[in-house]
Amino acid sequence: MDVPDDASTAGMLTPGGSRPAVEKSIFAGSKIVHIKRPDGVMLSRKDIQFDMLNTIFTDTRAVFTSAYDADPPLPPGQERPKLTFADLYIEAMAKSSKCSKLLREKFANERTSAVAIAQISLLVNVGRINTTLTFFPEMRAQLRTYHPVPVLQAQASAQNAKQLQDAPRLKYILKGAAEDRAGEPQTWDALLERMVQTAQRPTTNPINLIFLFATYAPKLTEQHFAPPREFYDLFTRTGLSSSSRANAFLWLCWHYLETSGTAADAASNPFGATDVEGTFRLPKMVHLTEEQVALENVDTEEELAYAQRMAEERRKYLETAPMSANASPRPSPGPQSRTPGGRRPKAGGGTPRPSGLSQLTDEDRAAAEGLAALLRGSPLPDSRAASPLPPILGVEHARPSHGGAMSVGSLLADPEPSAPTLRSSARNRKRKQPYDFGDGESQAGTELAQRDDQTDSRESDVLRAKIEDEIAARRREETIARREARLREGAIRREFNRTQNKDPLEESDWGEETDSDGGEEARSMVKTLQRAEKRTRG
């Protein structure tokens, strides 16, 4: 029996005639909620909505047109056969310029592995999985957390399990597929224009289309979903049946890839008629009771055992694996492990070098602290206004260090982390190592590392220019301050000499060297000196 078409249940059926509970969407806007789990915790069937993914990639309706030319080319007049969505999506990934030769061969020859990779990639494509997740236990990199996916890995060999790679690698391949070919629509308006004004079918490849779905989810929701439903409910709303959500997703893909977007096209969609005739509303989705929800996405005992085994393997790996340049740092030691000097010992053991800060002269210490305050935007104390600057970025020190003590320049050059220097700047960060993807796929990781290095270089240039500007501004201020001090000193000296010699004060004697208050400060100083001299004589 159909449920009344009210605001809370429009477009949905309830098996058995029971009325569904009112359920409001919490995924407003154009951002989906990412899957977040602690390191080592598995992604269950429910987390990834495996039953829906499996329905999408096992659908046998071959109604999609390939976005790529046949290889080898077909004879003239012969058209390529239609594809299922799974074949269409896997083909787009294999055609990506970022896809390695090894992975391309796996797509062509190993159907089970290809589908597993495509299922995870679809979640990355839509934004449900972000780029902090990895699916191989021996992956140790910054900001990465390991999560086994038992439903996709428990039945696979160790080598096939590794082929899930990690989310950044999959995103890299997907971006290549979306950006390789010039002319692909990059905005929603460009996609609609291509649907209406050209006869090109498909309008784009499925990976680029899903990126557009994720970016312009509010527009998609407004056009095709009855309130309170929205696009991201297809991947997160467990109260709707997996099969009806999968069918709705395929309906959207076919509508935007294969048609000109008319109401007649929507009515003839092979994945079902619209909910309301003459509109673009999705086919009705089935609402489940709590008992029916519990029957979907159930992890098997074998999968749970696999997850527990991999979590233990991950724990042992983190305890025994050596630290690498791109590894996540181990938990820092507690306060009790600090050395008498206040610094923590190095991870590799050994005695830390003494800090150069204790060898600074007072003037150099004041200069270093003043520069640190300047870069923090703090007001500079008056006592440090004329302090010489350290020799940073090629600017020489205003005066040589003396007494054999360590200068600010040598302190800044010292790599000791406890010294108050600018070594935290981007130009002195550790160079990122190439991402390790295994199986000969480090070339793409090298490109990622090179891109990171270019970003660090740009940040370094910006920081260097900022510091140089700050140093130049401070030098100008110090030059002005020294000039004013010399002028005041000269005026005081002449006033004192004139008073001592009883010479008349000529107006020309002051000129530009008179201080801003017309000489009052100089006269006051002279009177003070005279009183001091009288007391001395007395």
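A residue counts as buried when its relative accessible area is under 20%. By that criterion, asparagine 297 is buried, because its relative accessible area is 10%. The structure is a predicted model. The protein has 20 helices and 4 strands, and 44% of its 538 residues count as buried. Among the contacts with a separation of 6 or more, 68% join residues that are 24 or more positions apart.

**Helix packing around helix 5**

- Two packed helices are described by the angle between their axes and the distance between the axes.
- Helix 4 (residues 101–109) packs against helix 5 at an angle of about 115°, and the two axes are 6 Å apart. Helix 4 and helix 5 are therefore roughly perpendicular to each other, and helix 4 passes helix 5 in a left-handed crossing.
- Helix 4 contributes Leu103, Lys106, Phe107 and Asn109 to this contact, while helix 5 contributes Arg111, Ser113, Ala114 and Ile117. By class, the contact of helix 4 with helix 5 comprises 4 nonpolar, 2 polar and 2 charged residues.
- Helix 5 (residues 111–126) also approaches helix 8 (residues 167–179): their axes come within 10 Å and cross at roughly 80°. Helix 5 and helix 8 are therefore roughly perpendicular to each other as well.
- On the helix 5 side, Ile117, Ile120, Ser121, Val124 and Asn125 take part, and they meet Ala167, Leu170, Lys171 and Leu174 of helix 8. The contact of helix 5 with helix 8 has 6 nonpolar residues, 2 polar residues and 1 charged residue.
- Ile117 of helix 5 appears both in the contact with helix 4 and in the contact with helix 8.

**Helix 3 and helix 10**

- The axes of helix 3 (residues 85–94) and helix 10 (residues 206–215) come within 8 Å, with a crossing angle of roughly 95°. Helix 3 and helix 10 are therefore roughly perpendicular to each other.
- Phe85, Leu88, Tyr89, Ala92 and Met93 of helix 3 form the contact with Pro206, Ile207 and Ile210 of helix 10. By class, these residues divide into 8 nonpolar, no polar and no charged.

**Polar contacts of buried side chains**

- Aspartate 47 lies in helix 1 (residues 45–48) and counts as buried, because its relative accessibility is 12%.
- The side chain of aspartate 47 makes a polar contact with the side chain of arginine 37 (2.5 Å). The side chain of aspartate 47 also reaches the backbone nitrogen of serine 44 at 3.0 Å.
- With neighbours within four places in sequence set aside, aspartate 47 is in contact with Ile35, Arg37, Met42 and Arg128.
- Asparagine 130 is placed in the loop between helix 5 and strand 2 (133–134), and its relative accessibility of 19% makes it count as buried.
- The side chain of asparagine 130 makes a polar contact with the side chain of threonine 132 at 2.8 Å. Not counting residues up to four places away in sequence, asparagine 130 touches His34 and Ala167; Ala167 is also one of the helix 8 residues that meet helix 5.

**Backbone features in loops**

- Most residues other than glycine have a negative phi, and most peptide bonds are trans.
- Glutamine 49 has a phi near 55°, a positive value in a residue other than glycine. Glutamine 49 is located in the loop between helix 1 and helix 2 (50–58) and, at 2% relative accessibility, counts as buried.
- Asparagine 297 is not a glycine either, yet its phi is positive at about 55°. Its place is the loop between helix 15 (290–294) and helix 16 (301–320).
- The peptide bond from arginine 201 to proline 202 is cis, with omega near 5°; proline 202 lies in the loop between helix 9 (188–197) and helix 10.
- The peptide bond from proline 227 to proline 228 is also cis, with omega near 5°. Proline 228 belongs to the loop between helix 11 (217–224) and helix 12 (233–236).

**Surroundings of glycine 272**

- Glycine 272 lies in the loop between helix 14 (263–267) and strand 4 (285–286). With a relative accessible area of 23%, glycine 272 is partly exposed.
- Leaving out residues up to four places away in sequence, glycine 272 touches Trp251, Ala266 and Pro283.
- Glycine 272 and leucine 250 are 22 residues apart in sequence, and their C-alpha atoms are 9.9 Å apart in space.

How values were computed. Residues are numbered from 1 along each chain as its sequence is written. This is a predicted model: local features need pLDDT of at least 70, side-chain atom pairs count only at pLDDT 80 or more; totals for chains, interfaces and linings use all residues. Side-chain values use heavy atoms; hydrogens and water are left out. Axes are lines fitted to C-alpha atoms, for helices over the stretch in contact, and angles run from 0 to 180 degrees between N-to-C directions. Helices (H or I, at least four residues) and strands (E, at least two) are DSSP runs, numbered from the N terminus. Angles under 35 degrees count as roughly parallel, over 145 as roughly antiparallel, 65 to 115 as roughly perpendicular and the rest as oblique. Contact means heavy atoms within 4.5 Å. Ala, Val, Leu, Ile, Met, Phe, Trp, Tyr, Cys and Pro count as nonpolar, Asp, Glu, Lys and Arg as charged, and the others, Gly among them, as polar. Buried means under 20% relative accessible area, exposed over 50%, partly exposed in between (1.4 Å probe, protein chains only). A polar contact is a pair of N or O atoms within 3.5 Å; within protein, one must be able to donate a hydrogen and the other to accept it, and residues adjacent in sequence count only if both atoms are side-chain atoms. A crossing is left-handed if the near helix is turned anticlockwise from the far one by less than a right angle, and right-handed if clockwise.
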